[in-house]
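Subject: Structure to look at

Hi,

Here is the structure I promised to pass on. Have a look at it first, then read my notes below with the 3D view open.

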Amino acid sequence: MEKILKSKFAVFALALVMTFSLFMLSACGHEHTYSDNWTVEKAATLFEDGVKARYCTDEECNEDDKGKQTQVITALGKTNELYDFFNFYNESLERTENGVKLGQISDPDGTRYGGAIGIAYGNDDNDGVYELENGVTTISFNLDLTSFEEDDYTLFTMNFLQKLDGDQNRAYVTECIFGVLKTSQGYTISALNGVNYTDADRAAILASENKVTIADDDNVLTLGYRLTYDSTKPDAEKLGVKLVVNGEEKITFTVYYNPENTANGITRVDGIGTLWNANSNKDSAILYNLIKE
Ligand SMILES: [Zn+2]
């Protein structure tokens, strides 16, 4: 009796070992081989990561997914490919290791301006409007100002567009401008009502009544436009804009609607056009890590 039990157990144990061996053979019997030939499955955009894949190159590979491996393609705004999204006034810009050096263009009339990122164009919005969804969208970037000395300044503006039917498929509605001035204490950051494209912009930063002063030890600022959008509200109230500095909401912009535009039926913000480094007295600030949250 005891012997029979033992032999039954032996058969069972042998079967178990054989099953396990078969399993091991199918899992490990073929080792995938790969080349560096990755295929883009989903291209990265300015704000969204993409995906690339590669497969086992062995023709005998009998696995259903051919040993598929995937890798994330980093969103382009987080890399120095951001350079390619400066679609406007880009001739003085320089690609750096991690982003873009914000050169300026000087006009014969003495004015000066920097490059602009086509937010819409970078996201395949063929009509040139990066449409806002209801809710909160924050578009931010890092600005390396280690090269700035006291009294150096730079200006940024984000403009907002209305979609139109027909050939002229978008119209400028309004924009929100801010300036950053290096001081002996740190930085003064102000909301501005316009751009002079000259050193008058330095005085405008100081004269603004809507400003904050901050200390920033590493001289790299994180600056973000926080957009609150509600399409159900009246046109002039659809968009709210705040400036986020180093993670904190610091400035609430007044969003101006030009009466002339309003008279011509341009009353409504549908989305973003560009983010523009409108002026700086320096050619050396570095913008990097443009992200949307
Ligand atoms: Zn394989």
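First, one term: a residue counts as buried if 20 or more other C-beta atoms lie within 10 Å of its own, and as exposed if there are 12 or fewer. Going by that, buried residues make up 30% of the chain's 293 residues. Keep in mind that this is a predicted model.

**The overall picture**

The chain has 3 helices and 19 strands. Among contacts with a separation of 6 or more, 63% are between residues 24 or more positions apart.

**The nonpolar core**

In soluble globular proteins, nonpolar side chains tend to be buried together. Here, the largest nonpolar core has 61 residues. Which of them touch the most other members? They are I177, F178, Y225, I272, L275, A278 and L287. Try clicking on Y225: leaving aside neighbours within four places in sequence, Y225 is in contact with T138, I139, M158, C176, V241 and L243.

**Strand 12 and its partners**

Next, find strand 12, residues 170-182. Because 10 of its 13 residues are buried, strand 12 is largely enclosed by the rest of the structure.

Strand 12 pairs with strand 11 (residues 153-163) in the antiparallel sense, over 11 bridges. One of the pairs to look for is N159 with its bridge partner E175 in strand 12. These two strands form a hairpin with 6 residues between them, and G166 in that hairpin takes a positive phi near 95°.

Strand 12 also pairs with strand 13 (residues 187-192), again antiparallel, over 6 bridges. Here V180 has I189 in strand 13 as its bridge partner. This hairpin has 4 residues between the strands, and G186 in the turn has a positive phi of about 160°.

**A sheet of 7 strands**

Now for an open sheet with 7 strands, in the order 4-5-19-10-15-16-17, with antiparallel pairing. Why do strand 4 (94-95) and strand 17 (248-252) each have one side without a neighbour in the sheet? Both stand at the edges with a single partner strand, so there is nothing in the sheet on the other side.

Inside that order, strand 10 (residues 135-144) and strand 19 (residues 286-292) pair in the antiparallel sense over 5 bridges. To see where they meet, look for D144, which stands opposite I286 in strand 19.

Strand 5 (residues 99-101) is worth a stop too, as K101 lies in it. Is K101 buried, exposed or partly exposed? It is partly exposed, because 19 other C-beta atoms lie within 10 Å, and being buried takes 20 or more. Not counting residues up to four places away in sequence, K101 touches L93, E94, T96, S284 and I286. If you want a distance to check in your viewer, the C-alpha atoms of K101 and G115 are separated by 9.8 Å, with the two residues 14 apart along the chain.

**A sheet of 3 strands**

There is also an open sheet of 3 strands, in the order 1-2-3, with antiparallel pairing. Strand 1 (39-42) and strand 3 (69-73) are at the edges with a single partner strand each, so one side of each lacks a neighbour in the sheet. From one strand to the next, the twist averages 35°. Strand 1 is joined to strand 2 (residues 50-54) by 3 bridges, and V40 stands opposite K52 in strand 2.

Happy browsing!

Methods: Residues numbered from 1 in each chain as written. Predicted model: local features only at pLDDT ≥ 70, side-chain atom pairs only at ≥ 80, totals over all residues. Core = buried A, V, L, I, M, F, W, Y, C linked by C-beta atoms within 7 Å. Contact = placed C-beta atoms within 7 Å. Pairing = 2+ DSSP bridges. Axes fitted to C-alpha atoms, helices over the stretch in contact; angles between N-to-C directions.
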